[in-house]
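Here is a short tour for anyone who likes to see secondary structure element by element. Have the model open beside you as you read.

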Amino acid sequence: MNSVQGLLAASVISIQNSCFIYPACQNCFSRLILDSRRFNCLKCGCTGEAKDASYRYRLSLKIADTNDLFDITVFGSCLDPFFGVTAENLQRYIQDFNQLSGETSTESTARVLVQAVETCFIGKRFIFGV
């Protein structure tokens with residue numbers, strides 16, 4: 001991982017992605033390819049059972065300081081305090097909710113999550129390590 005080179009105080013203008021959680025390789029943090037029973041990492045070759053896949057946060061933002069606009073992506077556990085749970089637990093909660101509610105499509109759950117993230121981040125000022 002790269003170390004922080006500087007700090008940037010900026011406001012969030014918009015959320016650039018609607019999927020904030022991804023199945024991540026425990027070795028290299030790359031996105032896993034999942035099928036119904038297995039996962040595979042194309043980068044390092046790690047494989048396993050889909051039920052054992054780990055999840056990680058990935059939040060892409062458009063931010064602005066007093067002079068410029070920037071596109072940044074925030075990864076990993078530094079987002080845990082903002083979501084209130086780890087990415088692993090949030091993914092489990094979403095799956096459990098969809099099962100209990102009988103949701104066959106995850107679109108409505110994803111829409112609500114996007115709205116919540118937009119409410120929490122857009123217009124707020126943060127200090128980003130870059």
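## The small sheet

Leu-34 has Phe-39 in strand 4 as its bridge partner. That bridge belongs to the antiparallel pairing of strand 3 with strand 4 (residues 38-41), which runs over three bridges; two strands count as paired if DSSP finds at least two bridges between them. Strands, like helices, are DSSP runs numbered from the N terminus: E over at least two residues for a strand, H or I over at least four for a helix.

The sheet itself is open, with three strands in the order 3-4-5 and antiparallel pairing. Strand 3 (32-34) and strand 5 (47-49) are at the edges with a single partner strand each, so one side of each has no neighbour in the sheet. On average, neighbouring strands here are turned by 25° against each other, direction ignored; the axes behind that angle are lines fitted to C-alpha atoms. In general, strands of a sheet pair through backbone hydrogen bonds, parallel or antiparallel.

## How the model is read

This is a predicted model, in which local features need pLDDT of at least 70 and side-chain atom pairs count only at pLDDT 80 or more, while totals for chains, interfaces and linings use all residues. Residues are numbered from 1 along each chain as its sequence is written, and side-chain values use heavy atoms, leaving out hydrogens and water.

## Helix 2 and its two sides

Helix 2 (residues 87-101) has 15 residues, which should span 21 Å at 1.5 Å a residue (taken times one less than the number of residues). Its end C-alpha atoms are 21 Å apart, which agrees.

Which residues of helix 2 are buried? They are Ala-87, Leu-90, Gln-91, Ile-94 and Asn-98, where buried means under 20% relative accessible area, exposed over 50% and partly exposed in between, with a 1.4 Å probe and protein chains only. These residues cover an arc of only 100° around the axis, which puts them on the same side of helix 2; the arc is taken from the directions from the axis to the C-beta atoms. On the other side of helix 2, Gln-99 and Leu-100 are exposed.

## Neighbours of helix 2

The buried residues of helix 2 pack against strand 2 (21-24), strand 6 (54-64), helix 1 (80-83) and helix 3, with contact meaning heavy atoms within 4.5 Å. After helix 2 comes Gly-102, with a positive phi near 75°.

Helix 3 (residues 107-121) contains Ala-116, which counts as partly exposed at 38% relative accessibility. Ala-116 and Ala-87 are 29 residues apart in sequence and 15 Å apart in space, C-alpha to C-alpha.

Methods:
Axes are lines fitted to C-alpha atoms, for helices over the stretch in contact, and angles run from 0 to 180 degrees between N-to-C directions.
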